[in-house]
Amino acid sequence: MIFRRAQIVLVMALATACAPSAKPTGTETAVLTAPPQVPPPITRRQPATVVVNLEVSERTMPMADGVEYTFWTFGGTVPGSFIRVRQGDLVEFHLNNHPSSANPHNIDLHAVTGPGGGASSSVVAPGHTATFRFTALNPGLYVYHCATAPVGMHIANGMYGLILVEPENGLPKVDREYYVMQGDFYTRDPFGVAGHQPFDMRKAIREEPEYVLFNGAAGSLTGDKALSAQVGETVRLFVGNGGPNLVSSFHVIGEIFDRVYREAGSVPDANIQTTLVPAGGASIVDFKVEVPGTLILVDHALFRAFNKGALGMLTVTGAQDSSVFSGRIAEGIYQPEGGTVQVMPDAKAAAVASTPAERRTFGQRTYQQTCAACHQADGRGIVGAFPPLAGSDYLNADPTRAIQIVLFGLSGPVTVNGQQYNSVMPGQVLSDEDVANVLSYVYSQWGNAGTAVTPEQVKKVRAAGPVRPTSTAAH
Ligand SMILES: [Cu+2]
């Protein structure tokens, strides 16, 4: 016992002895990366002076399909550049505000021990630069953000990012590291309405975002921008939340986090399903991917994921392991409430189109507001859950059937482009005009057949009533 106590005291003494008291030696310039990439781990075993050059710029970029927003950025991206330093490093921070900016900005790094996290030392007018230094005393993953008044607005426009202060001996090695940061956005028009969207201060004060996004855009981490890994690899996500208002319930559908540094603290916890990421906070999650498939990153406050954009993907490739996951091995029909598919409430007033082009424009709006939540903004759906409308053989084979599906819903097995789906699409409460608009739009997109659908056709199908559609494209 006495021996053990002596050992512990010795370990503590060693820990304090080689802690940040060591003087930085040498100077290097920090490698900054755009999301979702992360700079490589630091291999140095002693502190250094690290120079960070970060440029603030205001730029108009896509926020969703057809939607643009003038973001205020650190390093030209939302979230801002990822910064990686080591505990004990002396950081020399240069904040440069591009001459084209309309506003002054500054930076508050939660990794700074000092007044305002550097905010008042870093205020920069357009075309100016400010320099300050700090020593990274505490290891962890820290949010940085602009703190220029009105602070909430600068953050709502995208001014936040992450700085990792690696502990002296580094983090445990993993095969892949990615950078994902959530933020809530307040636009004049509802989610998906095309065009340039100005910031809406009243919605921001009411905390009612139209968009909740990972990495600054709906679809920033889906399709060919999905994160990737191979079966058997370990993945680490540096997850941040810029807010300004919402707290994130970060979850990856189809995975369990083997290790979570909750709120980016130093002691990892194990086997976590969903981790809370506060506004102005972060979390580090590590997991091994055991089976191939698409893992879905969400804020598990799920309307944010399926209706406001907070959805990303991690594509895992490699060999199947049916002992870990079997896939569907049996199926049958279970209908406690009878065979009818439920219909969603809340029909909206129709937009009456006077030309085919206008019909498609109105249809795009309905698509973004109604269909994109499931079939995705790019029409490619989600493998295993929502069939694609882009290049769908099933859709293109029969417009009457497509009208039936939108009006009355669809359930049971269907095969789309050779893939089986067996789920439920609720009937959509839309007017004849709206159905004609949305289907004309869908048919005009993504390599589809270009079929024009008229309100008269929809009216006839509605009058004929529900039919169980055939399950394959051919009929
Ligand atoms: Cu700012």
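Start by selecting Cys 374. Its sulfur sits 8.7 Å from the closest cysteine sulfur, that of Cys 371, which is too far for a bond. Keep in mind that you are looking at a predicted model.

Color Cys 374 by accessibility. Cys 374 is partly exposed, at 30% relative accessible area.

Now select Cys 371. How far is the sulfur of Cys 371 from the closest cysteine sulfur? The distance is 8.7 Å, and the partner is Cys 374, too far for a bond. A disulfide needs the two sulfur atoms within 2.5 Å. Is Cys 371 buried or exposed? Cys 371 is buried, with 18% relative accessible area. The cut-off for buried is under 20%.

Zoom out for the tally. The structure has zero disulfides.

Next, the metal. Select the copper ion and show its protein donors. Which atoms are they? The donors are ND1 of His 105, SG of Cys 146, ND1 of His 154 and SD of Met 159. They lie 2.0 to 2.5 Å from the copper ion.

Trace these donors along the chain. Their spacing reads H-x40-C-x7-H-x4-M.

Turn on angle labels around the copper ion. The four donor atoms subtend angles of 87 to 137 degrees. Why is the arrangement irregular? A tetrahedral call requires all angles between 85 and 135 degrees, and the range here runs up to 137 degrees, so the arrangement is irregular.

Finish on two of the donor residues. Select Cys 146: this residue is buried, with a relative accessible area of 0%. Then select His 154, which also counts as buried, at 3% relative accessibility.

Key. Residues are numbered from 1 along each chain as its sequence is written. This is a predicted model: local features need pLDDT of at least 70, side-chain atom pairs count only at pLDDT 80 or more; totals for chains, interfaces and linings use all residues. Side-chain values use heavy atoms; hydrogens and water are left out. Buried means under 20% relative accessible area, exposed over 50%, partly exposed in between (1.4 Å probe, protein chains only). Donors are N, O and S atoms within 2.8 Å of the metal (3.2 Å for Na, K and Ca); water is not among the atoms, so sites may look incomplete. Four donors count as tetrahedral if all angles lie between 85 and 135 degrees; four count as square planar and six as octahedral if opposite donors are over 155 degrees apart and all others between 65 and 115; anything else is irregular.
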